[in-house]
Amino acid sequence: FTLWEKARIPKWILASKTLKPLLLSKAKAKSDLSKYAADPNTQAKKSDHDSEARRRYRRHVGNVNKLMLVTFVVLGNAIAYYLLTHPMPADFPSYFGIKVPAKFDYQGKILLLAKCLSLFGVMFVIQTQLVIAARASSKSIDPITKANSVSVELFDRIFINSLEQFWMFATALIAWTFIRGDDSNKLEVVRFCAVFLVGRIIFALGYILGTVTPYTTFRSLGVIITFVTYGFMFAKTFGAMK
């Protein structure tokens, strides 16, 4: 102990056979700790070790993300192709509350397109409500004066991406319906909408998982299903596929 520290310790504690050894061991531990903290070489070694551990972790996460991306690209193509070509039951549209017109003329095509595309109106309403709820539950309630929180940014990006992909899909769906659609394949309109909706749901769930885990490629599965869906429709429409 220093003289100043001894002066602050009551004499009865220093005279005690029980308490004095405890004080001495505590002072020794404190002294050892101060030496350890004051040693620049020890601090540098600890910092280098932590930096190397972080680098190894980042490399591991990067490698896993790359492997997952390749896997999801292959898996997404396989899932989309299966859903787009596998035979479906005749009452499939009833699963979504859609009644297919008996006659698939221009009026019937417009009516079926309106029914199918209205499903995505519901999707956008739900996504908008999620953005509003995230903004109301954070400090980002005023987007002009407050920076976005993680939750607001997350649902914002899901909404914007879905809106961008929807216009591509709607264009492909309308083109296919009026160019290739007839009484023999009118159920395909409902199938295309269902597969696109599956892709959007998987994309949204993958985006959410990417914010709570270090693995950010989950959403790529939904992206691939989305791309393959309207790519398949364009290819069918303009004769690249039978």
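Q: Are F203 and Y207 buried or exposed, and what does that label require?
A: Both F203 and Y207 are buried. In this predicted model, the label calls for a relative accessible area under 20%, so F203 and Y207 each fall below that cut-off.

Q: Where do F203 and Y207 lie relative to each other?
A: Helix α7 holds both of them, and F203 and Y207 are four residues apart, about one turn of the helix. Why does that spacing matter? An α-helix has 3.6 residues a turn, so residues three or four places apart point the same way.

Q: How many aromatic pairs are there, and what makes F203 and Y207 an edge-to-face one?
A: The structure holds 16 aromatic pairs. In the pair made by F203 and Y207, the ring centres are 5.4 Å apart and the planes meet at 90°. Rings pair if their centres lie within 6.5 Å, and planes over 60 degrees apart count as edge-to-face, so F203 and Y207 pass on both counts.

Q: Why are F234 and F238 called stacked?
A: Their ring centres are 6.4 Å apart, and their planes are at 15°. The limits are 6.5 Å for the centres and under 30 degrees for stacking, so F234 and F238 make a stacked pair.

Q: What are the burial classes of F234 and F238?
A: F234 has a relative accessible area of 25%, so F234 is partly exposed. F238 is at 57%, and the exposed class starts over 50%, so F238 counts as exposed.

Q: Which residues form one aromatic cluster?
A: F120, F124, F159, F166, W167, F169 and F196 do. Two of the names in that cluster, F120 and F124, also turn up among the buried residues of α5.

Q: How do you know whether helix α5 spans what is expected of it?
A: Helix α5 runs over residues 106–136, which is 31 residues. The expected span is 1.5 Å times one less than the number of residues, which for α5 comes to 45 Å. From first C-alpha to last, α5 reaches 45 Å, so the reach is close to what is expected.

Q: Which elements do the buried residues of α5 pack against?
A: They pack against α6 (150–179) and α7 (187–212). The buried residues of α5 include L112, L113, C116, M123 and V131.

Q: What makes V122, I126 and L130 a nonpolar surface patch?
A: Patch members need over 30% relative accessible area, and nonpolar side chains are joined within 5 Å, so V122, I126 and L130 meet those terms. Together they make about 250 Å² of nonpolar surface, and I126 is found in helix α5.

Q: How many salt bridges does the structure hold, and what makes D156 and R135 one of them?
A: There are three salt bridges. The side chains of D156 and R135 come to 3.7 Å, N to O, with R135 in helix α5 and D156 in helix α6, 21 residues apart, so this pair links distant parts of the chain. The cut-off is 4 Å between nitrogen and carboxyl oxygen, so the 3.7 Å of D156 and R135 qualifies. Both D156 and R135 are buried.

Q: What about R157 and E153: how far apart are the closest N and O atoms, and are these residues buried or exposed?
A: The closest N and O atoms are 3.1 Å apart, and with a cut-off of 4 Å this counts as a salt bridge. R157 and E153 both lie in helix α6, four residues apart. Partly exposed covers what lies between under 20% and over 50%, so R157 at 43% is partly exposed, and so is E153 at 30%.

Q: How do you know that E188 and R191 meet in a salt bridge?
A: Their N to O distance is 3.0 Å, and the cut-off is 4 Å, so the pair qualifies. E188 and R191 both lie in helix α7, three residues apart, and both are buried.

Q: Why is S220 called buried, and what is S220 in contact with?
A: S220 has a relative accessible area of 12%, and the buried class is under 20%, so S220 is buried. S220 is found in helix α8, and beyond its neighbours within four places in sequence, S220 is in contact with L69 and F72.

Key. Residues are numbered from 1 along each chain as its sequence is written. This is a predicted model: local features need pLDDT of at least 70, side-chain atom pairs count only at pLDDT 80 or more; totals for chains, interfaces and linings use all residues. Side-chain values use heavy atoms; hydrogens and water are left out. Buried means under 20% relative accessible area, exposed over 50%, partly exposed in between (1.4 Å probe, protein chains only). Contact means heavy atoms within 4.5 Å. Patches are made of residues with over 30% relative accessible area and no salt bridge: like charges are joined within 9 Å, nonpolar side chains (Val, Leu, Ile, Met, Phe, Trp, Tyr) within 5 Å. Accessible areas come from the Shrake-Rupley method with a 1.4 Å probe; for residues, only the protein chains shown count as cover. Rings of Phe, Tyr and Trp (its six-membered ring) pair if their centres lie within 6.5 Å; planes under 30 degrees apart count as stacked, over 60 as edge-to-face and the rest as tilted.
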